[in-house]
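Please open the model in your viewer and keep the selection panel at hand. The tour goes from one selection to the next, with a short account of what to look for at each stop.

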Amino acid sequence: MPPPAVARAIVSQGVVGVYRPGEDPGARHKQPRPSGARRGERARLPPPFSLEDQRLRLPESPGLGWPRRARSRCPVGPENSSMSQCAYPEDAAESELPDGCGLLHTSRKYLKLKNFEEEIRAHRDLDGFLDRASIILNETATSLDDVLRAMLLRLVHKPDNTEPDCNVDLLMAVLFTDAGTPMEGKAVHLLSDTIQGVTATVTGVQYQQSWLCIICTSKSLLKRHVCISRLVRPQNWGENCCEVRFVILVLAPPKMKSTKTATEVGRTFATMFLDITFRQKLLKTRTEEEFKEALVHQRQLLTVMDQGPNPSLKNYSISSICVQKSHQPLQHKDFFPVGKGIREDFARRFPVYSLDFTDGIIGKNKAVGKFITTTLFLYFACLLPTIAFGSLNDEITYGAIDVQKTIAGQSIGGLLYALFSGQPLVVLLTTAPLALYTHVIRGICDDYELDFNTFYAWTGLWNSFFLALYALFNFSLIMSLFKRSTEEIIALFISMTFVLDAVKGTVKIFQKYYGISHGNHNADHISVLSLLGLGTSLNTSFHTALNTSLLANPPELTSVSSRSAEHPSRETAVLSLLIMLGTLWLSYTLYQFKKSPYLHPYMREILSDCALPISVLTFSLISSYGFREIKMSKFRYNPSESLFKIAEMQSLSLGAIGSAMGLGFLLSMLFFIEQNLVAALANAPENRLVKGTAYHWDLLLVAVINTGLSLFGMPWIHAAYPHSPLHVRALAVVEERVENGHIYETIVNVWETRLTTLGASILVGFSLLLLPVPLQWIPKPVLYGLFLYIALTSIDANQLFERMALLLKDQASYPPTHYIRRVPQRKIHYFTGLQVLQLLLLCAFGMSPLPYMKMIFPLIMMAMIPIRYKLLPRIIEAKYLDAMDAEH
């Protein structure tokens, strides 16, 4: 009799021995049968699970016996078992060798039911099976080995067999765990990979024992194959498989698309066989055609399940099937009463206002270190574009708006927004389109001899007036019409402008210093070229300002020695290229350092969060001190005479004020779309923000802030992309997860705080004390590398970019995303192509060299709404469009 510990180990593994009829299992070790036990039943503990058939029936047919002693092994055993080596304790007890035992690795994993309504592959799996049906209706074999061998022979001997290297013996060996085991004659003969239906009960797990799905992958296969066998009578093949009537065998090559693997195909048929009514119907079929008709009918029932759950499946995971909610169309009453959205935003955010200052600071879970690193990231990400656009505004406005005013406006506006906004994670910045409007206003003032400060102030006031109307009448609800695909088109366009600006800036450096263009350049001509190049960036792009200051430096900041060094020099061009690429490499390497195995996880996170400031400071020092003999250009900087001087509003005529109203309306359209679009990207569901949104209140606050900036002649600001989503990402707790062999990152939670934007705005204000030195030590190639870094990190989660990359990937490398499961591959590529066409349309207007053409760019973005709702459904079915726009 084996020791009690060994007996308990046998039960915990869930392995039940199967013996020849008439053999007394207890006789082998002289085990006494417990009272009331039947003959042929070994002494064992009660089974840990409730079964469909509570009685464990032993086999009575010789077919379940094995010709040699090694067949005292159960072929089915624990479900979803993968094998190292195993031998029974009885074998170890009889063996004189101490290594007679082996190990069995058992792994169980829950699979979601196949959603026949949304997952397109479910229908294609069944259609492929119906076209090449391999059905055995009356299988008389009783042993599992004989049943599987008959199914494999059916697949091999089919007339349309396309597997020239298919070997039945090889496939049989792969199906079981004893394939390749060195313990000949003593290996455990268990199925390697199976799927069964289960139900959780108060006493344990109840298995559906009337069917068994066996899956297998083999390199010798070229295609996927499915065979279904219906046994003549129920068979007992071990624990949890005591009355098997149906066997589904799924074979597939190992390298397949994530939705075409053997597991996915098995999940399709296993979902169908969960229904006991369906199994009873299959038992009554007499021909293969009737069997196929029953499969088709079951598919129809599962397809409409989300409209009304099937009662026969009520005990299973119906909730795992996603039911897509339809959004109600906007109506006129949604925009009334006036101020309703603002009141709701205030009521939603005010109760948690104090938590915005204490979360992460007070309590058990503190994140002071993350707040400090995020504040430094925001400081550099906001200061550098502020200086660049201040230098550009200084030139195009002849000193009316300079670097000092730009920094002061950025600091004041950022402080007010950090203190009073509903969503403080959004970052405000002045952008390239705003600099374009400023340039247009300067041109109008020159043509009609108007005072620039006054006309600029009136344009800003009209802009704020229209923004206040949009907020009061709940116009932000219109942004709900922007689908995820539309938002990602605009976001990818902005990322493209960063890359384009970096490339153009580097090309102009080479044109000046590498000898591509020789001779002296006319400063006025260069300024015009720089202004035309401005339009290539429609959001937070710094490049144009840098090009302007690069080619037109004020003489008071340039010494005689530096002038002689700024003649065409190849060293300057090559060094600029290396500095730009080095900044990109170091910043992105540090950003990805949290995924490396080096250092402590806390140190890796700090280095990742500080990637931007470290790279900027490092290559600024390398350029300024390591290569001090190679001169780099400095920013354009002229000190302001007065920072706070209110414009004389009464000096304009009514006609000029009316003209300012037209410009203010177009400007308000840009503000409205940019502010709400960036806020929507920051509040995206995958970011898991919990304190609520405040679109209407934030729009009103932006109107108030820009009213003050307009009166004092400071640059306008609005929500900036990609700074706002990157700010959310910097404050997020991120985990890596694996699904079907693909690694992806998911946000667990985000620290929703005001302290980071508040601290960054204060530091930007103190930067007025750092002008002109040491801020002028930052060379422009460092900022070009910064453009590439921002563009690269902003497209990480862009679904449009991911789907464009699918065109270059092998199908086996496709990630298991929701749209891959729900949409046919051809439809995915069609949809991606249509998005690319819309992206080109944006580029045609947004990157046009004509300033007035770029002013109507907001109208082009609004035109994408009817394109999505009216044009695209005529090309691609609406259900596929909704699946592509879904979050999960």
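Contact, as the word is used on this tour, means heavy atoms within 4.5 Å. The model shown is a predicted one.

**The sheet.** Begin by selecting the five strands that form an open sheet in the order E3-E8-E9-E7-E4, with mixed pairing. Its edge strands are E3, residues 135-139, and E4, residues 194-195, each of which pairs on one side only. Zoom in on E4 and on strand E7, residues 211-217, which pair in the antiparallel sense over two bridges; here Thr194 stands opposite Ile214 of E7.

**Helices on the sheet.** Add helix H7, residues 262-273, which lies across E4, E7, strand E8 (225-235) and strand E9 (244-252), and which runs at about 170° to E7. Next select helix H8, residues 276-284, which packs on the sheet and touches E7, E8 and E9, its direction making about 95° with that of E9.

**Ile135, in an edge strand.** Return to E3 and pick Ile135, which has its place in that strand. Is Ile135 buried or exposed? Its relative accessible area is 2%, and because buried means under 20%, Ile135 counts as buried. Leaving out residues up to four places away in sequence, Ile135 touches Phe129, Arg154, Ile228, Glu288, Phe291 and Lys292. A distance label between the C-alpha atoms of Ile135 and Cys227 should read 5.9 Å, although the two are 92 residues apart in sequence.

**Leu148, in a helix.** Now move to helix H5, residues 144-156, and select Leu148 within it. With a relative accessibility of 0%, Leu148 is buried. If its neighbours within four places in sequence are set aside, Leu148 is in contact with Met172, Leu175, Phe176, Leu191, Ile214, Val247 and Leu249. Among these partners is Ile214, the residue of E7 that Thr194 stands opposite. Label also the C-alpha atoms of Leu148 and Leu171, which lie 23 residues apart along the chain and are separated by 9.7 Å.

**A nonpolar patch.** Finally, switch to a surface view and select Ile361, Ile362, Val368, Ile372, Leu376 and Leu763, which together make a nonpolar surface patch of about 480 Å². Which helix gives the most to the nonpolar patch? Helix H12, residues 368-396, does so, with three residues. Ile361, by contrast, lies in the loop between helix H11 (355-358) and H12, and with a relative accessible area of 32% Ile361 is partly exposed.

Technical notes: Residues numbered from 1 in each chain as written. Predicted model: local features only at pLDDT ≥ 70, side-chain atom pairs only at ≥ 80, totals over all residues. Heavy atoms only, no water. Pairing = 2+ DSSP bridges. Helix = DSSP H or I, 4+ residues; strand = E, 2+ residues; numbered from the N terminus. Axes fitted to C-alpha atoms, helices over the stretch in contact; angles between N-to-C directions. Buried < 20%, exposed > 50% of the residue type's maximum accessible area, 1.4 Å probe, protein only. Patch = residues over 30% accessible without salt bridge, like charges linked within 9 Å, V, L, I, M, F, W, Y side chains within 5 Å. Areas by Shrake-Rupley, 256 points an atom, 1.4 Å probe, with all protein chains shown as cover. Salt bridge = Lys/Arg side-chain N within 4 Å of Asp/Glu carboxyl O.
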